[in-house]
Amino acid sequence: MAGPLTRVLLDDHRRLDALFRSAVADPHKVDASTYNPFRAGLLRHIGLEEKILLPTLQRLRGGRPYPLAAKLRLDHGALAALLMPTPRPAILGAIRAILSAHNLLEEGPDGLYEACDHLAESEVGSLIERLRAAPEVTVTPPSDSAAVMKTVCRALERAGYRLSDYEATERGYGTAKD
C-alpha cells in the first residue's frame, strides 16, 4: 500500500499524464490549452523532486545520495530541455518515452517515493506541506533556436537518449495551436 507521500506524488503524475494525453489527443495538432499546463506542471514536479525530495532523502541517509539520484537528475535535465522547443513529433515521442521509464524509477517498488515514505516517516506531514506549498512555475514561450536545440540534444545525450531515435516514431502531430 502506498504511503501518504507516494499518494500525493502519484496523483501529480496522473494529473500530468492526463494533461499530456489530452494535449496530443488530436494526431494533427498539439492542444496548447493542455500542453502549456503540462509544461508548467512537469517543471514544477521536477523542482519538487530536485529541491525537496532528493535533498531530504540524502540528509536522511546520512549525507549519502539516493542510489538512483544521478539517473533521475539526468532524466530531469533531459525532460526540462525537451519542454523548451515547440512540441513536434520527435519532442513528444522523447517526452513520452523518457517519462514512461522515469516514472517507474520513482513509483516502483524501492523507488524514490517509497524510499521517501520510509525514511521520512517522522517528517512526512511537513514534507507534504512543503510540496503543496511550492510555487507554480512560469514558462516562457517555446523556442526552436539553434542554441535551444543544441541544449536539448546535449541534455538527451547526457541522459543516454538521442532525439533522432524519436523522429520517426511519432507521426502526425503538428505544432501547438493557440
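These questions and answers go through the open and enclosed spaces and the cysteines of a predicted model.

In this predicted model, local features need pLDDT of at least 70 and side-chain atom pairs count only at pLDDT 80 or more, while totals for chains, interfaces and linings use all residues. Residues are numbered from 1 along each chain as its sequence is written, and side-chain values use heavy atoms, with hydrogens and water left out.

Colleague: Which helix gives the most to the lining of the largest pocket?

Modeller: A pocket is an open set of points on a 1 Å grid over the protein atoms alone, with protein on both sides within 12 Å along at least five of seven lines, and its lining residues have an atom within 4 Å of a point. Helices are DSSP runs (H or I, at least four residues) numbered from the N terminus, and α1 (4-23) and α5 (112-119) each supply at least two residues of this lining. With three residues, the one that gives the most is α5.

Colleague: How many disulfides does a search of the whole structure find?

Modeller: A disulfide is a pair of cysteine sulfur atoms within 2.5 Å. Cys116 counts as buried (under 20% relative accessible area, with a 1.4 Å probe and protein chains only) because its relative accessibility is 3%. Across the whole structure, the number of disulfides found is zero.

Colleague: Is Cys153 buried or partly exposed?

Modeller: Partly exposed is the class between buried, under 20%, and exposed, over 50%. Because the relative accessibility of Cys153 is 29%, this residue counts as partly exposed.
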